[in-house]
Amino acid sequence: MEEPAAPQPVAPQPGAQQPPTTPPARATKRAPSLVLVATGDGKGKTTAAMGTALRVLARGWAVCVVQFVKSGDWHSGEVGLLSQLGAEVHTVGDGFSWDSQDLERSAALARAGWQVARDAIGGGRYRLVVLDELTYPLNWGWVSLDEALDCIARRPAKVNVFVTGRDAPAALVGIADTVTDMRNVKHAYQAGIMAAKGIDF
Ligand code: ATP
Ligand code: MG
């Protein structure tokens with residue numbers, strides 16, 4: 001039987017990066033729970049939070065998703081699936097502010113949504129509470145930032161909180177453990193391409 005040929009060394013491409021040869025610094029601490037924020041104007045904030053919800057469900061832990069702003073008839077596929085997988089999903093608000101006939105009503109709905117979120121966090125039953133698009137009602141003064149910060153800071157030990165939305169308030173960034181600023185490099189919409197089923201909703 002023929003011996004397999006020995007691998008030949010490959011000459012690095014000019015300008016190629018060197019693979020790292022030293023490991024990153026080791027983390028040694030554990031936190032009972034984390035506060036995560038996905039903000040910025042690029043795509044991926046809600047999908048990151050929903051992906052995290054999947055991870056938590058995969059461990060057999062309870063998840064609550066509270067979606068602010070977007071209306072109940074804006075069906076994003078993932079929340080139906082997450083609820084089939086056992087997540088508790090609340091969709092609050094009546095759509096985009098530019099479509100709203102009555103901003104006072106939108107504000108009241110957001111406040112009602114916040115009560116749901118506050119109870120979900122404080123109850124301690126959920127291992128993850130997703131507050132999707134919460135930054136908008138916070139920035140518009142519909143939900144008290146101080147109250148939200150206080151609720152998140154004083155959450156039961158094992159409740160992770162994931163907030164999404166553009167323009168995360170600095171104080172929220174301040175109390176969070178992990179903050180990702182999704183930067184828009186380009187988006188299909190800017191080339192006139194409509195939101196795509198399965199990709200955008
Ligand atoms: P996704 O839900 O896809 O993770 P997101 O949560 O980061 O997106 P949102 O601001 O909540 O973004 O907007 C949701 C919808 O708007 C999605 O259909 C998304 O593809 C689209 N979108 C996100 N970023 C941009 C952008 N920079 N330009 C145009 N459309 C965008
Ligand atoms: Mg979003």
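Start with ligand 1 and show the residues around it. By class, this shell holds 7 charged residues, 6 polar ones and 1 nonpolar one. Keep in mind that you are looking at a predicted model.

**Stop 1: the shell.** Count the residues that surround ligand 1: there are 14. The closest are D41, K43, K45, T47 and D200. Label those five before you go on.

**Stop 2: contacts with the ligand.** Select D41. One of its polar backbone atoms is 2.8 Å from a nitrogen atom of ligand 1. Next, select T46. Here a polar side-chain atom lies 2.9 Å from an oxygen atom of the ligand. Now go to D200. A polar atom of its side chain lies 2.5 Å from an oxygen atom of ligand 1. Turn on the surface next. Ligand 1 exposes 570 Å² when taken alone, and the protein buries 85% of that.

**Stop 3: T39.** Move to strand 1, which covers residues 35-39, and select T39 in it. Is T39 buried or exposed? T39 counts as buried because its relative accessibility is 9%, and the cut-off for buried is under 20%.

Stay on T39 and look at its side chain. A polar atom there lies 2.8 Å from the backbone oxygen of G165. Which residues does T39 touch, leaving out those up to four places away in sequence? Select K45, then G165, R166, D167 and A168. Add V179, T180, D181 and M182 to finish the set.

**Last stop: K45.** Show K45 together with T39 and ligand 1. K45 is one of the residues T39 touches, and K45 is also among the closest residues to ligand 1.

How values were computed:
Residues are numbered from 1 along each chain as its sequence is written. Chains are lettered from A and ligands numbered from 1 in the order in which they are written. This is a predicted model: local features need pLDDT of at least 70, side-chain atom pairs count only at pLDDT 80 or more; totals for chains, interfaces and linings use all residues. Side-chain values use heavy atoms; hydrogens and water are left out. A residue is near a molecule or strand if one of its heavy atoms lies within 4 Å of it. A polar contact is a pair of N or O atoms within 3.5 Å; within protein, one must be able to donate a hydrogen and the other to accept it, and residues adjacent in sequence count only if both atoms are side-chain atoms. Accessible areas come from the Shrake-Rupley method with a 1.4 Å probe; for residues, only the protein chains shown count as cover. Ala, Val, Leu, Ile, Met, Phe, Trp, Tyr, Cys and Pro count as nonpolar, Asp, Glu, Lys and Arg as charged, and the others, Gly among them, as polar. Helices (H or I, at least four residues) and strands (E, at least two) are DSSP runs, numbered from the N terminus. Buried means under 20% relative accessible area, exposed over 50%, partly exposed in between (1.4 Å probe, protein chains only). Contact means heavy atoms within 4.5 Å.
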